[in-house]
Amino acid sequence: LDKSDPVLRAEGMQKSFGGLVATDDASLAVERGSITGMIGPNGAGKSTLFNLISGFYDADGGQVFVDGEEVSGMSPHQISRHGLVRTFQTPRRLEGMTVREAMLVGPRPQRGESVWPLFLSPGKVRDEERANLARAEELLERFEISHLIDEPSTDLSGGQLKLVELARGITTNPDILLLDEPVAGVNPTLANDIKRFIRELNEEGQTFLIIEHDMPFIMDLADPIIVLDQGSVLMEGTPEQVRSDQRVIDAYLGG
Ligand code: ADP
Ligand code: MG
């Protein structure tokens, strides 16, 4: 592992839904230790690109590398094992689970993936679960929501759910965590807290790639910022460069 290599690299990603081209030759790299932002008008293809990178959608073309290792075509579970974990724009409320249990499900298994490893190596899984639970509890404390640990996850507010989702993502110490709109629908006070938590985690070495619609939030938090438009990368630059780029202004006005 060459630490100067990008932690994530995606090359020529392609995806269509019927006749609609959602991702059109999109390429990007995320530097280790960065908070990289991703913006773009509604429907630009941001979530689709996350789904392709994290293995939730099958790509029509392109390659994804995590820590220099190709993960193209792997399942979300396998990709998370390689160090790339993502959160969802709309976190799922885990029916019948407390926050503690929801944290333990972690980012996996996802979408009905195989639970065979649980049967094949129960000892290993239990050790891992214990370590994950300790880490999860520490994160809930840090996010100032440890009092919610025995609450049904269905009782949480939208903002609390976003925090649990963030904690869930961090639990396994991924090499890179992809956040899809971490403060969408979250009140400004909690959004500021989330920004502070992300910053602190980043100072401890956590790499982030963050989609966010809230412009002041992402401009203040991320550098560089990748701008997506019509399925392709329009530009990448510092918040300053992005803010003053005429193509970006046009994309938002046109969208
Ligand atoms: P963004 O996250 O930037 O708002 P999306 O990636 O959600 O954009 O969507 C990009 C385009 O792809 C949109 O036109 C959207 O309707 C379409 N799209 C996304 N996911 C699907 C899907 N599962 N089936 C059909 N169309 C989809
Ligand atoms: Mg989206």
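In this predicted model, Leu 178 has Leu 209 as its bridge partner in strand β8, and that single pairing is a convenient place from which to begin a tour of the sheet. Strands β7 (residues 176–180) and β8 (residues 207–211) run in the parallel sense and are joined over five bridges, and within this pairing Asp 180 has Ile 211 as its partner in β8. On the β6 side, β7 again pairs in the parallel sense, here over three bridges, with Leu 178 of β7 serving as the bridge partner of Arg 86.

The bridge partners named here are gathered below.

| Residue | Bridge partner | Strand of the partner |
|---|---|---|
| Leu 178 | Leu 209 | β8 |
| Asp 180 | Ile 211 | β8 |
| Arg 86 | Leu 178 | β7 |

These strands belong to an open sheet of six, arranged in the order β6-β7-β8-β3-β9-β10 with mixed pairing. Its edges are formed by β6 (84–86) and β10 (232–237), each of which pairs on one side only, and from one strand to the next the twist averages 20°.

Strand β7 is mostly covered, five of its five residues being buried. Ile 176, Leu 178 and Asp 180 lie on one side of the strand, Leu 177 and Leu 179 on the other, and both faces are covered. The division follows a general pattern, in which the side chains of a regular strand alternate between the two faces of the sheet.

The largest nonpolar core contains 60 residues, and those that touch the most other members are Leu 8, Ala 167, Ile 176, Leu 209 and Ile 210. Helix α6 (residues 158–170) gives the most to this core, contributing six residues. Leaving aside residues up to four places away in sequence, Leu 8 touches Ala 29, Val 30, Val 66, Leu 84, Ile 176 and Leu 209.

A further region of interest is the surroundings of ligand 1, where the residues include Phe 17, Leu 20, Gly 40, Asn 42, Lys 46, Ser 47 and Thr 48. The elements that give two or more residues to this shell are β2 (20–30) and α1 (46–53), and the largest share, three residues, comes from α1. Sorted by class, the shell has four nonpolar, six polar and one charged residues.

Helix α1 is largely enclosed by the rest of the structure, because eight of its eight residues are buried; among them are Lys 46, Ser 47, Thr 48 and Phe 50. Just after α1, Gly 55 takes a positive phi of about 85°.

Note on methods. Residues are numbered from 1 along each chain as its sequence is written. Chains are lettered from A and ligands numbered from 1 in the order in which they are written. This is a predicted model: local features need pLDDT of at least 70, side-chain atom pairs count only at pLDDT 80 or more; totals for chains, interfaces and linings use all residues. A nonpolar core is a set of buried Ala, Val, Leu, Ile, Met, Phe, Trp, Tyr and Cys residues joined through C-beta atoms within 7 Å. A residue is buried if 20 or more other C-beta atoms lie within 10 Å of its own, exposed if 12 or fewer, and partly exposed in between; C-beta atoms are placed from the backbone. Helices (H or I, at least four residues) and strands (E, at least two) are DSSP runs, numbered from the N terminus. Two residues are in contact if their C-beta atoms, placed from the backbone, lie within 7 Å. Two strands pair if DSSP finds at least two bridges between them. Axes are lines fitted to C-alpha atoms, for helices over the stretch in contact, and angles run from 0 to 180 degrees between N-to-C directions. A residue is near a molecule or strand if its C-beta atom, placed from the backbone, lies within 6 Å of it. Ala, Val, Leu, Ile, Met, Phe, Trp, Tyr, Cys and Pro count as nonpolar, Asp, Glu, Lys and Arg as charged, and the others, Gly among them, as polar.
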